[in-house]
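User: I would like a close look at a single part of this model, and then the parts that follow on from there. Please keep the explanation plain.

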Amino acid sequence: MPSIPRVDQSAHLVSPTTASTSLVDAGNFGFALNTTIVPPNKPWIIDSGASDHMTNNSTWFVSHTTPPLNTVKVANGISTPVLGAGSISLTPGLSLSSVLHVPKLSHNLLSIGKLTNQLNCLAIFSPTHCWFQDIRTKALIGHGRERGGLYYLDLPPDCEKTSYSCQVEAKQFEASEKIWLWHKRLGHPSFQYLQYLFPSLFSKVKVSDFHCETCILSKNHRVSFPLSSHKSNVPFSLIHSDVWGPFHIPTYTGAKYFVSFIDDCTRVSWVYLLKNKSEVMSIFPIFHQMIQTQFHAKIQVVRSDNGKEYLNYGLGTFFQQHGIIHQTSCPHTPQQNGIAERKNRHLLDVARSLCSAMHVPKRFWGDAIHTAVFLINRMPSRVLQFQTPIQTLSQYHSLPSLLHIPPKVFGCVCYVHVPMQNRDKLDPRAIKCVFVGYSATQKGYRCYYPPTGKFFVSMDVTFREHEAFFSKEDLATSLQGEMWSKEEEKLPLDIGDEHLSDVGDGANLPNDEAQGEKILKVYERTRKKGDKEKRDDEIDHPQTDPHIDQLSDQSAATRTNYPEVTTHSPSLQPTIFDESNHEISLSDDPNDSNEPHRESQGSRYPIRENRGIPPVRYGYSSTKGIQYPISNFVSSHRLSDSYISFANQLSSVSVPNKLQDALKDPKWKKAMIEEMEALRKNSTWELVALPEGKKPVGCRWVFTVKHKADGSVERYKARLVAKGYTQTYGIDYQETFAPVAKINTIRVLMSLAANLGWPLRQFDVKNAFLHGDLDEEVYMDLPPGFTTTCDIGKVCRLRKSLYGLKQSPRAWFGR
């Protein structure tokens, strides 16, 4: 038995049977502070180099939380996995929080930095002892001793647990570990749902003991809008839809949006990824046909918001042809489309949790959304009395054959088996991939291989669900092993039917591409003044660098066509990027081809010879003549004499751009008076006070010159035009369509007149639009330049149509 040294009066001797001699040869002593929960045969080393508290015993945890780290690196540089985290109570006055559970750790480590920060205490060291003292109360909360060059925390000897309590807490911890694993596998659902799914796991633990920081960060939201008590009783009688996006980081297929369709009765959801909002017009007929084919049902009502993708892309015609009622929410009232809005939030919460928990880069958000839909459709819902949406749908319709596979943790490390026909005898039998979801058409797991940017679907997959493929650094940098600057090469192995498709790794990431692309840098030597004429000749007659042509040919030769990507959206096509990472340095002297760049040598750029002299880009130069004479670009030798005269007269009269300039010219002022007189005779408007709640339409003068056939001025014309772009549909105009004559019809009439000798007469209806009657209530501001003091505060109530109004062509045609 080892010798027992003498200690002070405050220490208590530990019995030889409970003494630990695995770390030091001297006996163990415990300093009695208070009743503890941790057995003393597992000493705690007080470590100033540890960043966190760590233990290898899982039975000591009294509560559990999500571990902030997936792995820790020990002193020898080896990374060790972290399986959990929680709180441990050493004594009533000394409790440790955020303790990491590291099973492969040989000793329990007490971090000084964490302890002093959490407990707000002082750490005092002497050659043989150390103390922990509360800064505020000056109370002693812990004590340790130096043994073998290390400081060990002293704990009382009478606190060892009974075997029964250890077994109970071991079972509790085992159940907690399984609950956390299923929480990650199923996309971070609430622990109340997990209690309903796995009641046996919650027999020894409480739901209130679990707090997931990832869920709090990913699912935090505002107070919910009151739910509606109305719910459809027939599947597919009411479909809710909404479009989400755009997201600044597109997926590898170029998608920036997704559209969701939710059945009001069963709450089954479908999601399609979109590149543009206009694709909703092509996606909804596909979804409508799928419902008819798979479930023999018809959609009766579609409810959405007032987005243009539902109103302005011809989708209304499709609804009318199939007898579907399209209900829209009121303006600025998204709560009326609350089911679709909450479903999108639910999808994003789950997708955000999936990506955040395993540090998956944001460009995989499309796979995370599809995975979230897959999981939500198979998770119990409180609205459905804790039945899954698919179970509820099966009560009304016989479902097509579904692909049931066990769920796995999104973003974890997985190893895809390589078939024998695709490898040699000494080749690896599996490749390391990242799990990114489930296939909709194959019974297998979708796995992504970063070095080549390929996706695989296979059931022969080995998962490491506790190990994340990506680290936190990968969120800001490129993926592990991915080739960003090269064209993707196809894998030599092709996994037969299990191989889904391959996509080039230029996955629509503008930020990453901008970082990867290199700038074409051109360097020029400093020239002497004697070489100025030579440089001007080179500018006028540039020579093509054969090196640049060779690179262009190589870049064009590397372009490849990639196959279509099989995904949930049938209309998606892969976006291919042709990247060139050549950095070219041009030199005037061919003998200096091996000369390094000036930047690397720290030399300066060439000195500008025209410093301080403004450049002459335009205008006449007495030495060089006109830089761009119009005779080099325009010729009239093919025109007739009368047309040449007409063309020369066009620029003889200037058209004013401002009202003040027109009022100064008697000719334009007379034209404006004639226009106002025509409007008055036609009773186009009447002056009234602007009613409350109405907004008048503005107006402006437009000036033009009418020419005769010989180019001479026929008359000066001024027209008052309303600013129709300020009108609002449904308030001051309705329909705007008006048929017009086709040019083919005019040609046929002219051909008949020429062949049959019919006389032709040309006439112009003066102020044609002023003869159309207005049915809507439209108010217009007073014409500028013709306002008197008695007209202040009044507006024009339009009775006849006016140029510029939305409904003027239709009103003229109706007349």
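In which strand is the place of Leu 140? Please start there and go on to the surroundings.

Analyst: The model is predicted. Leu 140 has its place in strand S13, which covers residues 140-147. The relative accessible area of Leu 140 is 43%. Buried means under 20% and exposed means over 50%, with partly exposed in between, so Leu 140 is partly exposed.

Leu 140 also belongs to a nonpolar patch on the surface. The other members of this patch are Leu 122, Ile 124, Trp 131 and Ile 135. Together with Leu 140, they have about 390 Å² of accessible area.

Two of the patch members, Leu 122 and Ile 124, carry numbers that fall in strand S11, residues 121-125. The loop between helix H1 and strand S11 contains Asn 120. Asn 120 is not a glycine, yet its phi is positive, at about 55°. Asn 120 follows H1. Its relative accessibility is 44%, so Asn 120 counts as partly exposed.

Helix H1 itself runs over residues 112-119. At the start of H1, a side-chain oxygen of Ser 111 comes to within 3.3 Å of the backbone nitrogen of Lys 114.

Next to Asn 120 in number is Cys 121, with a relative accessible area of 4%. The cut-off for buried is under 20%, so Cys 121 is buried. Another cysteine, Cys 355, has a relative accessible area of 12% and is therefore buried as well. A disulfide needs a pair of cysteine sulfur atoms within 2.5 Å, and by this rule the count is zero.

The number of Cys 355 falls within helix H8, residues 338-357. The loop between H8 and helix H9, residues 365-376, holds His 359. His 359 is another residue other than glycine with a positive phi, near 60°. At 12% relative accessibility, His 359 counts as buried, whereas Asn 120 counts as partly exposed at 44%.

One more backbone feature sits in a loop. Pro 246 lies between strand S16, residues 238-244, and strand S17, residues 257-263. The peptide bond that leads from Gly 245 to Pro 246 is cis, and its omega is near 0°.

To return to the starting point, Leu 140 is in strand S13, and Leu 140 is one of the residues in the nonpolar surface patch.

Note on methods. Residues numbered from 1 in each chain as written. Predicted model: local features only at pLDDT ≥ 70, side-chain atom pairs only at ≥ 80, totals over all residues. Heavy atoms only, no water. Patch = residues over 30% accessible without salt bridge, like charges linked within 9 Å, V, L, I, M, F, W, Y side chains within 5 Å. Areas by Shrake-Rupley, 256 points an atom, 1.4 Å probe, with all protein chains shown as cover. Salt bridge = Lys/Arg side-chain N within 4 Å of Asp/Glu carboxyl O. Helix = DSSP H or I, 4+ residues; strand = E, 2+ residues; numbered from the N terminus. Buried < 20%, exposed > 50% of the residue type's maximum accessible area, 1.4 Å probe, protein only. Polar contact = N/O pair within 3.5 Å; in protein donor to acceptor, adjacent residues only side chain to side chain.
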